[in-house]
Amino acid sequence: MAIKIGHANINEKGQVSGGVKGDQNKREVEVRAYWNFGYDMVLRPKKPEVAEKSANFVETACANDNIGYGQGYRNSLFAQAVAVKFDCKKIVVKCECDCSSLIHVAVIAAGVNITYGSNAFTTRTMTLRLVQSGDYEKLTASKYLKSDKYLKRGDILVKTGSHTVMVLEDGSGVSPTSKKPDIIYAVKADGKWYPEVKNNTNYAGVENKAITDVMIKLSDGTPIKYRAHIEEDNRWLPWVTGYNKKDHNNGYAGNGKPIDAIEIKCDKYEIGYKVSSTANGARYYSEVKDSQNDYAGVFGRPIDKLICRVL
């Protein structure tokens with residue numbers, strides 16, 4: 001069975017321009033089975049997190065009927081993505097893209113250091129731009145071009161001057177990996193962000209200094225969400241998914257006040273985590289697993305240390 005790819009296809013009239021904004025028939029921007037379109041190269045991400053985040057953006061775009069196909073308004077997707085900080089599912093304004101502008105927005109959403117400007121790259125210019133970014137390698141061996149067997153999720157297939165698509169699944173010739181990603185996290189206490197910690201090699205925080213903010217991510221880019229309970233306000237803050245201390249909306253959990261509980265959720269991996277509190281000395285509360293629908297901490301007791309691991 002062929003693997004799945006995602007792409008901006010054609011508008012509802014079967015034309016490249018002139019349609020109504022948004023996906024009118026659920027096929028303008030779609031997930032479909034791989035087919036050999038005569039691709040002349042594969043652009044493969046060098047980092048697992050870029051592969052995962054860019055593929056996830058394309059999947060989400062294909063599921064969002066506010067995003068349609070149209071070369072005349074090919075840059076309107078970028079404008080709407082910027083407005084929602086590249087959280088594609090939050091795009092509610094009807095907009096358009098074409099095959100290459102969809103990929104351009106997706107790689108920016110994945111953190112690739114590439115500018116957009118007034119007009120997206122095209123299938124004639126994207127290869128040079130992506131290779132020069134340092135985040136992609138160009139593959140032209142026949143085994144990558146003749147079938148889907150050795151393709152990986154996050155690969156970009158290009159037929160220069162014609163079409164480009166995003167690979168959404170690994171081919172049958174790709175060896176499955178059992179390697180788990182690293183969980184990376186950092187906390188803020190006493191008005192200062194402390195160095196990030198990887199896995200359970202150490203703890204994040206300082207003994208007897210209440211944690212006020214926390215940010216968490218997985219090294220392979222797999223989506224993870226987390227939230228903080230604020231002692232003083234006795235309430236949970238909204239879930240966040242980012243990892244950016246400068247993004248006060250979605251980059252970290254916290255509002256500058258002491259946190260007394262944390263909850264973490266991940267669909268792909270099980271996360272184990274535990275905390276200690278300023279009232280608990282050097283002892284930690286029992287580890288919590290995200291599958292338990294529970295949280296780490298005790299209401300009314302600010303936490304000072306956090307340890308996380310991928311189980």
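**View 1. Strand β1 sits between two partners, β8 and β2**. In this predicted model, strand β1 (residues 4-8) is joined to strand β8 (residues 163-167) by 2 bridges, and the two run antiparallel. To find your way in, look for glycine 6: its bridge partner in β8 is methionine 166. Now turn to strand β2 (residues 29-33), which is also antiparallel to β1 and is linked to it by 5 bridges. Here a handy landmark is histidine 7, which stands opposite glutamate 30 of β2. How many of the 5 residues of β1 are buried? The count is 4, so β1 is mostly covered (buried means under 20% relative accessible area).

**View 2. Six strands make an open sheet**. Follow the strands across in the order β2-β1-β8-β7-β3-β6, and you will find that the pairing is antiparallel. Which strands stand at the edges? They are β2 and β6 (136-139); each has a single partner strand, so one side of each is left without a neighbour in the sheet. From one strand to the next, the twist averages 25 degrees. At the β6 end of the order, strand β3 (residues 41-45) pairs with β6 over 4 bridges, in the antiparallel sense. You can spot this pairing through proline 45, whose bridge partner in β6 is tyrosine 136. As you trace any of these strands, keep a general pattern in mind. In a regular strand, side chains alternate between the two faces of the sheet.

**View 3. Helix α3 lies across the sheet and is mostly covered**. The strands it lies across are β1, β2, β6, β7 (156-159) and β8, and α3 runs at about 40 degrees to β8. Of the 11 residues of α3 (residues 99-109), 10 are buried. Among them are Cys99, Ser100, Ser101 and His104, along with Leu102, Ile103 and Val105. After the helix comes glycine 111, with a positive phi near 95 degrees.

**View 4. Helix α2 packs beside α3**. The axes of α2 (residues 76-83) and α3 come within 9 Å and cross at roughly 20 degrees. That makes the two helices roughly parallel, because angles under 35 degrees are counted that way. The crossing is right-handed. Which residues make the contact? From α2 come Leu77, Phe78 and Ala81, and from α3 come Leu102, Val105 and Ile108. Sorted by class, these residues are 6 nonpolar, no polar and no charged. Notice the spacing of the α3 residues as you look along the helix. An α-helix has 3.6 residues a turn, so residues three or four places apart point the same way. Within α2, the buried residues are Ser76, Leu77, Phe78 and Ala81. Besides α3, the buried residues of α2 pack against β4 (67-69) and β5 (95-97). Lysine 85, which follows α2, has a positive phi near 55 degrees.

**View 5. Helix α1 meets α3 at an oblique angle**. Here α1 (residues 48-63) packs on α3 at an angle of about 130 degrees, and their axes are 8 Å apart. The pair is therefore described as oblique. As α1 passes α3, the crossing is right-handed. On the α1 side you will find Ser54, Phe57, Val58 and Ala61, which meet Leu102, Ile103, Val105, Ala106 and Ala109 of α3. This contact has 8 nonpolar residues, 1 polar residue and no charged ones. Look back at View 4 and you will recognise Leu102 and Val105, which also take part in the contact with α2.

**View 6. Four strands form another open sheet**. The order to trace is β15-β14-β17-β20, with antiparallel pairing. The edges are β15 (235-236) and β20 (296-297), each pairing on one side only. Between strand β17 (residues 259-265) and β20 there are 2 bridges, in the antiparallel sense. A good starting point is alanine 261, which stands opposite glycine 297 of β20.

**View 7. Lysine 265 of strand β17, up close**. Is this lysine buried or exposed? Its relative accessible area is 15%, and lysine 265 counts as buried because the cut-off is under 20%. Which residues does lysine 265 contact, leaving aside its neighbours within four places in sequence? They are Ile224, Lys225, Trp239, Asp290 and Asn293. Try finding tyrosine 226 too: 39 residues separate it from lysine 265 along the chain, yet their C-alpha atoms are 6.1 Å apart.

How values were computed: Residues numbered from 1 in each chain as written. Predicted model: local features only at pLDDT ≥ 70, side-chain atom pairs only at ≥ 80, totals over all residues. Heavy atoms only, no water. Buried < 20%, exposed > 50% of the residue type's maximum accessible area, 1.4 Å probe, protein only. Axes fitted to C-alpha atoms, helices over the stretch in contact; angles between N-to-C directions. Parallel < 35°, antiparallel > 145°, perpendicular 65-115°, else oblique. Left-handed = near helix turned anticlockwise from the far one by under 90°. Contact = heavy atoms within 4.5 Å. Nonpolar A, V, L, I, M, F, W, Y, C, P; charged D, E, K, R; others polar. Pairing = 2+ DSSP bridges.
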